[in-house]
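Below is a colleague's note, set out as numbered points, to be read alongside the sequence and the coordinates.

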Amino acid sequence: MIEAKVDTKTRILDVAEKLFGEFGFDATSLRDITAEAHVNLAAVNYHFQSKESLIDAVIGRRFEPINQRRLEMLAAAGPNPTVEQIVEAFIGPVFERDPSPILPLMGRILSTPDQFITRVFKKHLVEVAQKFTAAFAKALPQLSEAERMWRVHFMGGAMAHVLSWSHLLWELTGGVCDPADRKGVKVRLVRFLAAGFHAGQGN
């Protein structure tokens with residue numbers, strides 16, 4: 001009986017994640033989730049109490065392991081990590097995992113500013129943001145705080161674009177860019193972003 005509860009909860013999370021990634025949080029109803037998961041509303045209420053709690057559970061299930069991995073990679077880089085190591089610690093964990101359905105979900109969140117602030121940043125990213133901001137400040141003391149923060153913002157934007165558009169890149173580029181090559185995507189993105197951080201002081 002315990003096993004059945006675990007299976008039901010996981011199935012609800014998997015379906016909710018898929019639908020949230022495809023259609024967004026507001027456009028996806030609990031009825032949509034229960035229909036595709038083949039469960040009744042009572043099961044959702046039992047495990048998550050509300051749609052808001054279900055959304056938090058879906059996001060936390062994916063973001064917390066990624067954030068933990070980010071902090072581990074940053075710590076492993078030592079007390080004076082290079083810009084490249086900092087960028088890879090932030091970007092890399094996103095591309096280490098199965099991209100379906102996590103990439104649509106993350107792309108959806110990162111490209112929706114109000115959802116990102118309320119559902120992700122305040123609940124799951126404050127500590128990570130502080131540690132990475134401090135690391136960039138130490139690695140790039142020649143840049144002003146405003147300049148560093150702009151570049152961190154651009155890093156998040158580039159990552160959000162890749163996540164949101166990954167399923168279309170093959171068609172858009174005539175097969176030249178293969179989003180299934182996660183390692184290649186990560187390497188290229190890290191190289192591109194690191195070059196941006198190394199660029200001279202802006203106006």
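**Notes on surface, core and salt bridges**

1. V126 has a relative accessibility of 32%, and therefore counts as partly exposed. This valine sits in helix α7, which runs over residues 113–139. Together with I117 and F121, V126 makes up a nonpolar patch on the surface, and the three residues share about 200 Å² of accessible area. The reader should keep in mind throughout that this is a predicted model.

2. For the interior, one may start from the general expectation that, in soluble globular proteins, nonpolar side chains tend to be buried together. In this model the largest nonpolar core holds 56 residues, and the members that touch the most others are I33, L54, V87 and I91. Helix α4, spanning residues 51–76, supplies the largest share of this core, with 9 residues.

3. I91 deserves a separate look. When its neighbours within four places in sequence are left aside, I91 is in contact with M155, M159, K186, L189, V190 and L193. Of these partners, M155 and M159 are listed among the buried residues of helix α8.

4. I109 is found in helix α6, which covers residues 99–110. Its relative accessible area is 0%, so I109 is classed as buried, the cut-off being under 20%. Not counting residues up to four places away in sequence, I109 touches F25, I59, F63, F116 and V120. As for D14, it lies 95 residues from I109 in sequence, while the C-alpha atoms of the two are 16 Å apart in space.

5. The count of salt bridges comes to 10. One of them joins the side chains of R61 and E17, with an N to O distance of 3.8 Å; this pair links distant parts of the chain, since R61 belongs to helix α4 and E17 to helix α1 (residues 2–23), 44 residues apart. The distance of 3.8 Å may be set against the rule applied here, which asks for a side-chain nitrogen within 4 Å of a carboxyl oxygen.

6. E17 also meets R62 in a salt bridge, here with an N to O distance of 2.4 Å. Because E17 lies in helix α1 and R62 in helix α4, this pair ties together parts of the chain that are 45 residues apart in sequence. How accessible are the residues E17, R61 and R62? E17 counts as buried, because its relative accessibility is 0%, whereas R61 is partly exposed at 26% and R62 is partly exposed at 23%. Both arginines, together with E17 and D14, are linked in a network of salt bridges.

7. Helix α8 comprises 21 residues, 145–165, and at 1.5 Å a residue it should span 30 Å; its end C-alpha atoms are 30 Å apart, which agrees with that expectation. The buried residues of α8 are E147, R148, R151, M155, A158, M159, A160, V162 and L163, so that charged side chains appear in the list beside nonpolar ones.

8. Within α8, E147 forms a salt bridge with R151, the closest N and O atoms being 2.9 Å apart. Because the two residues are 4 apart in this helix, E147 and R151 are separated by about one helical turn. Both partners, E147 and R151, are buried.

Technical notes. Residues numbered from 1 in each chain as written. Predicted model: local features only at pLDDT ≥ 70, side-chain atom pairs only at ≥ 80, totals over all residues. Heavy atoms only, no water. Expected span 1.5 Å × (residues − 1). Buried < 20%, exposed > 50% of the residue type's maximum accessible area, 1.4 Å probe, protein only. Core = buried A, V, L, I, M, F, W, Y, C linked by side-chain atoms within 4.5 Å. Contact = heavy atoms within 4.5 Å. Patch = residues over 30% accessible without salt bridge, like charges linked within 9 Å, V, L, I, M, F, W, Y side chains within 5 Å. Areas by Shrake-Rupley, 256 points an atom, 1.4 Å probe, with all protein chains shown as cover.
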